[in-house]
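Thanks for making room on the agenda. I would like to walk through one structure with you, beginning with the sheet and then turning to a residue and a ligand.

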Amino acid sequence: MATALDRLSYAVRQTARVAWYAGHYAAGRRLLKPMPKPDFAIGPTPSRAELTADMRALFEREWQDIAAGLFPAPRALGPEPAEFLRRSLLYFRDLPQVDARRHGAAGDELPPGTQADGLPDYYRQNFHFQSDGWLSDNSAALYDTQVEVLFTGAADAMRRRALAPITAWLQGRNQREVRGLDVGCGTGRLLASLHGAWPGMKLTGIDLSAPYLEEARRLIGRTARVKLEEAAAEALPFDDASLDLVVSSFLLHELPNQIRMQVLAEVARVLKPGGLVVIVDSLQKGDRPEWDGLLDLFPHYFHEPYYADYVSGSMEAWCSDAGLSPVSMERAFLSRVTVARKS
Ligand SMILES: C[S@@+](CC[C@H](N)C(=O)[O-])C[C@H]1O[C@@H](n2cnc3c(N)ncnc32)[C@H](O)[C@@H]1O
C-alpha cells in the first residue's frame with residue numbers, strides 16, 4: 001500500500017530529474033548555433049505549456065499505477081552523484097561536435113577501428129548526430145544523458161509505460177517461468193526496470209553495440225536472471241516459439257522499413273502463442289494530429305534517416321503484417337506504447 005510519503009518521494013525524484021535535464025536542455029540551446037528554419041511545410045505543433053502538462057500527466061498515470069499496486073515505484077537507476085556529474089560534463093563537452101554535425105558535417109563518421117567489423121551499413125551512422133554513432137564507450141556513456149535531455153527527463157518514464165500491460169498479462173502466470181527479451185536494449189534502461197519490477201523473470205537483452213551492452217551490464221549488475229548478448233534484431237538468436245514476452249524501446253524508428261519488418265517477423269517467430277509484445281517508440285502521424293508538426297521537425301534537427309518513414313507508417317498494421325495481433329495502444333507523452341499478442 002503506497003503511503004503519502006511514497007508519493008512525496010516519487011514526486012521529488014521525478015521533479016528533480018525533470019529539473020536536471022530541462023536545465024541541460026536550456027543551457028544546450030544557448031550553446032548551440034540556431035538551426036535554419038525548415039524550408040518545408042510542417043503540421044501543427046503543441047505549445048510548451050501543452051507539452052509540460054502532458055509530461056505531468058505521464059508521471060501522474062505512472063503514480064496511479066504504482067499506488068494501485070501494479071508495479072513497484074522505480075528505483076533510482078544510474079550512476080552515483082559524482083559519475084552523474086561526470087556524464088553531464090561529457091555531455092556538454094560533446095555538444096560542439098554534435099552541433100558541427102547538425103550544421104552540415106557528414107552523418108556517417110565512425111570511430112577508428114570499427115570500419116570493417118561486419119555491421120550493417122544502415123547501422124553505421126551517427127544517429128542523432130551523436131559522436132561515434134552506437135560504436136564507442138564514449139557514445140555509450142553519453143547516450144542516456146542525451147536522450148533524457150531530449151525528453152527533458154521523461155525518457156525513463158515513457159519506457160516504463162511498458163510495465164502496465166505486462167502486469168495485466170502476467171495475471172495467473174509465474175514470473176519465474178517467464179522468458180523475456182528486450183530487442184535493441186541499448187544501455188539497458190527498460191531491461192533494468194523490468195528486472196526491478198519482476199526480479200524472477202529470465203530476461204535477455206540483445207543489441208548490436210558491444211559498448212552499449214557493457215553499459216547495460218554496469219547498470220543492471222551481475223545477475224544470472226539478465227543475460228546480455230550481441231546480436232542483430234533481424235536475426236534473433238532464439239528458437240521458434242521459445243519466448244513469452246518481447247519488449248523494445250526506441251529501436252524501430254532507427255531502422256529502414258525492410259529491416260523493421262524483418263525484426264517484427266522475428267519477434268513473431270520467437271514468441272510462443274499467447275506471448276506478449278510491448279513496443280515503446282515515437283508517436284506516429286495521426287496519434288496526436290495536433291502534434292504532427294513535431295514529428296516533421298525531429299529529423300530536421302537530428303540525424304534520423306528512417307524517422308520520416310517510421311512516423312508515416314502504422315505500428316498496428318506492421319504488427320498485423322508480421323502475424324501479431326494488436327491489443328492496445330497508449331500515448332505516453334512523445335511516445336506510443338503498442339501492445340500486441342501472438343495468437
Ligand atoms: C535509440 S537506441 C534505443 C536503446 C534502448 N532500447 C533505449 O530505450 O534507449 C537504439 C538501439 O538499437 C540498437 N540497434 C540498432 N539497430 C539494431 C539492430 N539491427 N539489431 C540490434 N540492435 C540494434 C543500437 O545499437 C542502439 O543501442
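In what order do the 7 strands of the open sheet run, and with what pairing? Keeping in mind that this is a predicted model, the order reads β3-β2-β1-β4-β5-β7-β6, and the pairing in this open sheet is mixed. The edges are taken by β3, residues 226-230, and β6, residues 324-332, and because each of these has a single partner strand, one side of each is left without a neighbour in the sheet. From one strand to the next, the twist averages 15 degrees.

As a general reminder, strands of a sheet pair through backbone hydrogen bonds, either parallel or antiparallel. Here, strand β2, which covers residues 202-207, pairs with β3 in the parallel sense over 5 bridges, and within that pair L203 stands opposite V226 of β3. Packed on the sheet is helix α12, residues 315-322, which touches β5 (271-282), β6 and β7 (335-342), and whose direction makes about 160 degrees with that of β6.

Let me now move to a single residue. V263 is part of helix α9, residues 257-270, and it counts as buried because 23 C-beta neighbours lie inside 10 Å, where the cut-off for buried is 20 or more. Leaving aside residues up to four places away in sequence, V263 touches V183, A233, E234, L252 and L255. By contrast, R225 is 38 residues from V263 along the chain, and the C-alpha atoms of the two are separated by 24 Å.

A233, one of the residues touched by V263, also belongs to the ligand's surroundings: of the 20 residues around the ligand, those that come nearest are G184, G186, S209, A233 and S249. Sorted by character, the shell around the ligand holds 11 nonpolar, 4 polar and 5 charged residues.

One further helix deserves a mention, namely α6, residues 163-170, whose buried residues are L163, A164, P165 and I166. Following α6 comes G172, with a positive phi near 85 degrees.

To finish with the protein as a whole, there are 12 helices and 7 strands. The radius of gyration is 19 Å, close to the 20 Å that the globule rule gives for 343 residues, and so the protein is as compact as a globular protein of that length. Buried residues account for 39% of the 343, and, among contacts between residues at least 6 apart in sequence, 73% join residues at least 24 apart.

Terms used:
Residues numbered from 1 in each chain as written. Predicted model: local features only at pLDDT ≥ 70, side-chain atom pairs only at ≥ 80, totals over all residues. Near = placed C-beta within 6 Å. Nonpolar A, V, L, I, M, F, W, Y, C, P; charged D, E, K, R; others polar. Buried ≥ 20, exposed ≤ 12 C-beta atoms within 10 Å, placed from the backbone. Helix = DSSP H or I, 4+ residues; strand = E, 2+ residues; numbered from the N terminus. Contact = placed C-beta atoms within 7 Å. Pairing = 2+ DSSP bridges. Axes fitted to C-alpha atoms, helices over the stretch in contact; angles between N-to-C directions. Rg over C-alpha atoms; globule rule 2.2 N^0.38 Å.
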